[in-house]
Amino acid sequence: MSELVRIDELSKYFDIGKGQHVHAVDKISFSIAEREIVGLVGESGSGKSTLGKTLLGLHDKSAGEVHYRGAALPRHYTTADFQKYSRKMQMIFQDPYSSLNPRMTVGEIIAEGLLLHRLMSAPQARDKAAHWLERVGLHADHMSRYPHEFSGGQRQRIGIARAMILEPEFVVCDEPISALDVSVQAQVVNLLSELQASMGLTLLFIAHDLSMVRYVSDRMAVMYLGALMEIGPVDDVYFRPLHPYTQILIASNPEPDPDIERARPSTGIQGEIPSPVNVPAGCRFAGRCPKVMDVCRGTTPVLKKVDDSERLVACHLY
Ligand SMILES: Nc1ncnc2c1ncn2[C@@H]1O[C@H](COP(=O)(O)OP(=O)(O)OP(=O)(O)O)[C@@H](O)[C@H]1O
Ligand code: SF4
Ligand SMILES: [Mg+2]
């Protein structure tokens, strides 16, 4: 598979005044192949959304680079850059309530991107929006309704139609199901999987639910306090996690299969994620790691290959 997206030492620091910065994303490097689905997990505040947005130019990059089909993307996007890149690189947001403009009809919302990108006339865009409304499982006669007339699951389908109508190549799905009722989560995930396969999409799938990530992804990436701790084929990371953080994260994830649960330690993760303003020296997980060693507090572990699989781990144990 050829590489579609590559990030090199990508960082995003938020200036919060008085010379202080939130190190939301700190020197992250990895690549995503064409048609691949990479699941991105980590506790709340670990920087997953910031990484997704920085990848797409929705945040300026503080340092490092994003390459798309081998070409470096700008550090700061101008309006012309958004015009150029946002058609191929789209985002689906977590909250289907706040991400749809309540004053626009569903037809206008879905067609908006086509008109902004001047891809077709208004009547053609309307026809295509009606087609997409049906493709995501709604009815074309819902075109003139407003977002508040729909359920959460239906609104997320509208958000998906709005992104997919542009026929993107790469989509960041930022917790696309976590605001939805459990009963509709699987339907929305299945819709995304079906679209990924039929459109040949490449996805960065951000989620809290590790079993869901395992179900949809080819590889799993684990973030902690702005840094990448482990990345590899999804079953290797899920069933044989090597980084102590991944081990605890997976052990504390509710597991639908009771046989798998019995095989795992019951340890939950201790303490709170530290502030990303003053990131600890050395391994940033040292303050919570049950296997911490002296070397961990002084030397930052680098992400490296640790066995004969395609997995990379950042930990001094390996
Ligand atoms: N605009 C901003 N200004 C300052 N700090 C920010 C901003 N956006 C995010 N942060 C901080 O950056 C860190 C990473 O946040 P981010 O939202 O990327 O985490 P996340 O992994 O997506 O969390 P969640 O699982 O809760 O969505 C957090 O400490 C957050 O408070
Ligand atoms: S480097 Fe040390 S503190 Fe960090 S995860 Fe590995 S063992 Fe734990
Ligand atoms: Mg987030």
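## Around ligand 1

In this predicted model, ligand 1 is surrounded by 13 residues. The closest are Phe14, Ala24, Ser44, Ser49 and Thr50, so these are good names to look for when you start exploring the site.

Where does the shell around ligand 1 come from? Strand 2 (21-33) and helix 1 (48-55) each supply at least two of its residues. Helix 1 gives the most, with three residues. Sorted by class, the shell around ligand 1 has seven polar residues, five nonpolar ones and one charged one.

## Strand 10 and its hairpin

Now move along the chain to strand 10, which covers residues 227-233. Is strand 10 mostly covered or mostly open? Strand 10 is mostly covered, as six of its seven residues are buried.

Strand 9 (residues 219-224) runs antiparallel to strand 10, and six bridges join the two. You can find one of these pairings by looking at arginine 219, whose bridge partner in strand 10 is proline 233. Together, strand 9 and strand 10 make a hairpin with two residues between them. In the turn, leucine 225 has a positive phi of about 50 degrees.

## A second partner for strand 10

Strand 10 also pairs with strand 12 (residues 312-313). Here too the sense is antiparallel, with two bridges between strand 10 and strand 12. To see this pairing for yourself, find glutamate 230, which stands opposite valine 313 in strand 12.

Technical notes: Residues are numbered from 1 along each chain as its sequence is written. Chains are lettered from A and ligands numbered from 1 in the order in which they are written. This is a predicted model: local features need pLDDT of at least 70, side-chain atom pairs count only at pLDDT 80 or more; totals for chains, interfaces and linings use all residues. A residue is buried if 20 or more other C-beta atoms lie within 10 Å of its own, exposed if 12 or fewer, and partly exposed in between; C-beta atoms are placed from the backbone. Helices (H or I, at least four residues) and strands (E, at least two) are DSSP runs, numbered from the N terminus. Two strands pair if DSSP finds at least two bridges between them. A residue is near a molecule or strand if its C-beta atom, placed from the backbone, lies within 6 Å of it. Ala, Val, Leu, Ile, Met, Phe, Trp, Tyr, Cys and Pro count as nonpolar, Asp, Glu, Lys and Arg as charged, and the others, Gly among them, as polar.
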